Each structure stands twice: as structure tokens, then as C-alpha cells.
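Reader: Please take me closely through one part of this model, the sheets and what packs around them. I would like the pairing, the burial of side chains and any odd backbone angles in one connected account.

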Amino acid sequence: MKLYEGRPLDESGRLEKEIRVYDLLDSLQIPYIRTDHEEANTMEACHKIDSVLDILICKNLFLCNRQKTDFYLLMMPGDKPFKTRELSAQIHSARLSFADAAHMEQFLDIQPGAVSIMGLMNDHENRVQLLADEDILKGEYTGCHPCVSTSSLKIKTSDIFEKFLPAVHHTPITVHLEGI
């Protein structure tokens, strides 16, 4: 895997949703480092990418309440366990579960394995609430997919939370998840 600054020079063969991510980041003047790779849709595959980008890629979980009326994107460190009860209590929601692929595609224009904060740019009706574990905010950089699981980005965390999220009209809720 090689590191590149910014968008691909040759965009042929890339999906429109990936190109839209680069267009938005460029328009917001958010610099990023990119690497292309085989499909990475597990945390194990992401660990290899972590070492190339010299970051810890976030675990991104697409969740919903039992009634499937409230949807959440949870960003958390990849090495932290996810405990449904712990998160549900903090956000005062009925028990949470993983949302289905149809809702993921409908709201974020992302398929399973490519879940990323970048998908919030496609949530024009603000149906998805971003939940960010407080440890994510402590890192200088955040790693994420550009809405596809064959590329990964390294972006300053401050750029994500101070430029990207306001531009896509999403306000995060900070949560505290216990470590191991």
C-alpha cells in the first residue's frame, strides 16, 4: 500500500460516492492522506491499513433502536468493546441493535463494510445521529473510508469535527464507552 496526498489522479473505475467525498473534502480545504487497498470490511483488515497510515482506524457501527425509528452512527476506537446496554443508557434510547443494510444505503449511501463518518454527507434529512466516543476526540487524526471499503483516509480529527460535520449539518453527541 502506498500513501497519497489527496484525491486519486486517475478517477476511472471509482464510484461516484467516493469521488463526492474527495470533492467535498477539497471544497472544505481539508487535507487528507489516502491509501488504496483490497476490500477492508473487518477490523482485522483495517489493522494492516492502520500501520500504513500510522493511525488507529475507527470502528464505525450503524445502529438503530428497537422500533427502527432512530438511527445512529457510532465512532469508537477499534480496540474498544461495544456494549449495547452501556450506550443505550447514555443516549436514553430503547435497546440498540445493528441497523440493516437497506437503511444504511438509504440514509448514508454506504454498504456494509464501508461504514464511515463520510457517509453523513449523504444524510440530507439528518436521520442519523452521530455518536462519538470521547477517546476519538483525543486523537490527532481519524481514519475512515471514503464511502467505499477499498480506500482509507487519514484526516485531522479537528478538521472532521470543526469543518466537515458543520458543513454536512451534523452535531455529534459525545459518549463514554468503557475500555477493556
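Author: In this predicted model, one open sheet is built from four strands in the order E1-E2-E8-E7, with antiparallel pairing. Its edges are strand E1 (4-5) and strand E7 (141-144), each of which pairs on one side only. E7 runs antiparallel to strand E8 (residues 151-156), and four bridges join the two. Within that pair, Thr-142 of E7 stands opposite Ile-155 of E8. Two helices pack on this sheet. Helix H1 (residues 16-27) touches E2 and E8, and its direction makes about 20° with that of E8. Helix H6 touches E7 and E8, with its direction at about 80° to that of E8.

Strand E2 (residues 33-36) of this sheet contains Arg-34. Is Arg-34 buried or exposed? The relative accessibility of Arg-34 is 3%, and buried means under 20%, so Arg-34 counts as buried. A polar atom of the Arg-34 side chain lies 3.0 Å from the backbone oxygen of Gly-6. Apart from neighbours within four places in sequence, the residues in contact with Arg-34 include Lys-2, Leu-3, Tyr-4, Arg-7 and Pro-8, as well as Arg-14, Tyr-22, Ser-152 and Leu-153.

The other sheet to look at is also open. It has five strands in the order E5-E3-E4-E6-E9, and its pairing is mixed. E5 and strand E9 (173-175) are the edge strands, each pairing on one side only. On average, neighbouring strands of this sheet are turned by 35° against each other, direction ignored.

How many residues of strand E3 are buried? Strand E3 (residues 58-65) has eight of its eight residues buried, so E3 is largely enclosed by the rest of the structure. The cover is on both faces of E3: Cys-58, Asn-60, Phe-62 and Cys-64 are buried on one side, and Lys-59, Leu-61, Leu-63 and Asn-65 are buried on the other.

E3 has a partner on each side in the strand order. With strand E4 (residues 71-77), E3 runs antiparallel and is joined by seven bridges. There, Lys-59 stands opposite Met-76 of E4. The hairpin of E3 and E4 has five residues between the strands, and in this hairpin Lys-68 takes a positive phi near 60°. With strand E5 (residues 96-98), E3 pairs in the antiparallel sense over three bridges, and Phe-98 of E5 is the bridge partner of Leu-63. Helix H4 (residues 101-108) lies across E3, E4 and E6 and runs at about 105° to E3.

Parallel pairing occurs at the E9 edge: strand E6 (residues 128-133) and E9 pair in the parallel sense over three bridges. Thr-174 in E9 is the bridge partner of Ala-132.

Two loops leading into this sheet carry unusual backbone angles. Most residues other than glycine have a negative phi. Asp-54, in the loop between helix H2 (43-53) and E3, is not a glycine, yet its phi is positive and near 60°. His-169, in the loop between helix H6 (157-167) and E9, is likewise not a glycine and has a positive phi of about 60°. Exposed means over 50% relative accessible area. Asp-54 counts as exposed because its relative accessibility is 62%, and His-169 counts as exposed because its value is 60%.

Notes
Residues are numbered from 1 along each chain as its sequence is written. This is a predicted model: local features need pLDDT of at least 70, side-chain atom pairs count only at pLDDT 80 or more; totals for chains, interfaces and linings use all residues. Side-chain values use heavy atoms; hydrogens and water are left out. Buried means under 20% relative accessible area, exposed over 50%, partly exposed in between (1.4 Å probe, protein chains only). A polar contact is a pair of N or O atoms within 3.5 Å; within protein, one must be able to donate a hydrogen and the other to accept it, and residues adjacent in sequence count only if both atoms are side-chain atoms. Contact means heavy atoms within 4.5 Å. Two strands pair if DSSP finds at least two bridges between them. Axes are lines fitted to C-alpha atoms, for helices over the stretch in contact, and angles run from 0 to 180 degrees between N-to-C directions.
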